[in-house]
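Visitor: I am new to this structure and would like a close look at a single part of it. Please take me through the packing of its interior slowly, and show me how the neighbouring pieces relate to that part.

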Amino acid sequence: MMLALSVIGAAGFSAIVMAIMLVREKRRTRGLEAETAALRRRAEELEAASHARSRFLAMMSHEIRTPLTGIVGFGEALADEPLTPAGRRAVESIRRASRSLQGLLGDILDFSRIDADALPMQRVPTDLDALLNEVRDEFVPQARQRGLAFGLTVTDGARRWTETDPLRLRQIVVNLVSNAIRYTETGMVRIAASTAPDEHDRIVIRVIDTGLGIAPDDRRRIFDVFAQATERDVVQNADGGGVGLGLAIADGLVRAMGGTIALDSALGEGSTFTVTLPLPACAAPPAASKAADPPPSGEPASVLLVDDIEMNRDLFAGMLARAGHRVVAAPDGETALRRLAEDRFDLAFIDIQMPFMDGIELTRRIRASGDPAVARLPIVALSAAAYGEDRARAEAAGMNDYVTKPATRDDIAAAVARVRAGRAQAGPIAAVPAPAEAPAPSALDRAEFELQRETFGDERLLRFLGMLEAELGRRDAAIDEAAGRDDRAEIGQHAHAIASASGNLGFRHLMGLGRTLEHEVAGLSPEALAASVDELRRAIADAVAEIADVRAELDAGASEQRAAG
């Protein structure tokens, strides 16, 4: 009896212990679940903060670029005018400062993407020797101006094709060379490339200078954001020392590409930056896949221009024709294919988003052509969006370069020059976060408008304004009707057309609303969609009213000119 009770007692005790353990385990599990939920919430908050920061930087980029466009454009216009020597020096100072500001803005956006691990990378066959020679050629004039010797040595092992991101690799070398020239007063700067000892899949690129050198205390922070040389060095340097982003960006890019960067320097004796990157050799791409030989520099090119909006075709055709090029325009993909069968072109500008056959599909058909001259045609994408995914789609389809609308005549000229020089970027060019458009103070951006006025003159601009007014009237009625049917695909098409047409003449607020609606229409609730469409239609009405005022202004100016003549 006692034995039975003992057994029962032991069993009961074991059960109690087990129950206690289960309760504790349950509490521990609940605690872990709570901690996991808290960590998940924290991760979501950090992701949201990162997204908000990216959108803020993109918005600020847009807001800074808008007045900067006017500064650059009017500076160029003044440079073409007869000026006194003092006036010309002032204009050149304005142009140098604006270029510096443009570079700084690009550096800030690049660093923000590196810091957020959101920098896009591509891997395409790249001629390493050619890339380094391009960098050398770019900096030879600057080095000579400062009285410096500048050279490049590439060992046989490093003369290779490799799969890498050529844009980012070039940016690393450019930042290091720019830094070396800036801080070298006498002597030389040299780039040296070789294979790593016993690791032939790794390439070592050194940038060597005989400049000011870097003190031990500064070496520890030289790759930090906004780090510079000492104040004494900055004062001695005529360029002002920069803002300290170049080396931080180079360091971030090297790490993103799986490499290392090191510094060897002594104060007063110069510096050597050593970059080691995994760049295994690959086969050169077949000759047939290369772009057709561009016409020699300075000769007119034959250009195929494809855009479904008539005003855009007239605007871009005018920019190209003014530069001396022969332009054949097509309103859609089918017409473009017929033009290609009938004529020969040196390059093509193709709008990405068009009805029926978009620019992506048109490019695929061109690349699949049985005519080698057609299949190898260099193609520049035109798009009202600067989103990374749009650029990636363009690259995947076989486009060679990318221009974001609204585009200036300099943007178009630069794209032509890149294709002519064989430097068209085959890939998603420095993809940027989707810009968050902010309402402009007024319907019309006067700086943008005056640049177009300078390019085309009052008479042609009056015609463009009339075309835009008619286009907005058609789209306003069509988008209202599509909203009544909740046809979101059609709403998106009309919003794209409105953004594309309005931005080219400086109606940036309307362009921003159109872009936003185009990219968000699929996910909007019925109430949000109705509000967005109403806001867009109000902006259309404001733009039409502004067009009437501007046309009256241009008409008055034209009348005065005729009376004076």
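Guide: A residue is called buried when its relative accessible area is under 20%, and exposed when that area is over 50%. Please keep in mind that this is a predicted model.

With that cut-off in hand, we can begin at Asn133, which is found in helix α3. Because buried means under 20%, Asn133 counts as buried at 19% relative accessibility. The side chain of Asn133 is also joined to that of Arg136 by a polar contact of 2.9 Å.

From there we can turn to the interior itself, where the largest nonpolar core has 40 residues, and where those with the most contacts inside the core are Leu132, Val135, Phe150, Leu169, Leu176, Val177 and Ile191. Several helices and strands build this core, for at least two of its residues are supplied by each of α3 (128-145), β2 (149-154), α4 (166-182), β4 (188-196), β5 (199-209), α7 (246-256) and β7 (270-278). The largest share comes from α4, which gives 8 residues to this core. To see the packing around one residue, take Leu169: leaving aside residues up to four places away in sequence, Leu169 touches Leu128, Leu131, Thr164, Ile205, Met257, Leu277 and Leu279. Apart from this core lies another, of 36 residues, among them Ala482, Phe507, Leu513 and Val533.

Burial can also be followed along a single helix, and α9 (residues 333-342) serves for this, with Gly333, Thr335, Ala336 and Leu340 as its buried residues. Seen down the axis of α9, these buried residues fall within an arc of 155°, so they line one face of the helix. The face of α9 turned away from that buried side carries Ala341 and Glu342, which are exposed. What covers the buried residues of α9 includes the strands β8 (302-306) and β9 (326-330), together with the helices α10 (359-367) and α11 (372-375). At the N-terminal end, α9 is capped by Asp332, a side-chain oxygen of which lies 3.3 Å from the backbone nitrogen of Glu334.

A last stop is Asp351, which is found in strand β10 (residues 347-351). Asp351 is buried, with a relative accessible area of 0%. At Asp351, an unreviewed UniProt entry places the feature "modified residue: 4-aspartylphosphate", and such annotations may be inferred rather than shown by experiment.

Terms used
Residues numbered from 1 in each chain as written. Predicted model: local features only at pLDDT ≥ 70, side-chain atom pairs only at ≥ 80, totals over all residues. Heavy atoms only, no water. Buried < 20%, exposed > 50% of the residue type's maximum accessible area, 1.4 Å probe, protein only. Helix = DSSP H or I, 4+ residues; strand = E, 2+ residues; numbered from the N terminus. Arc of directions from axis to C-beta. Contact = heavy atoms within 4.5 Å. Polar contact = N/O pair within 3.5 Å; in protein donor to acceptor, adjacent residues only side chain to side chain. Core = buried A, V, L, I, M, F, W, Y, C linked by side-chain atoms within 4.5 Å.
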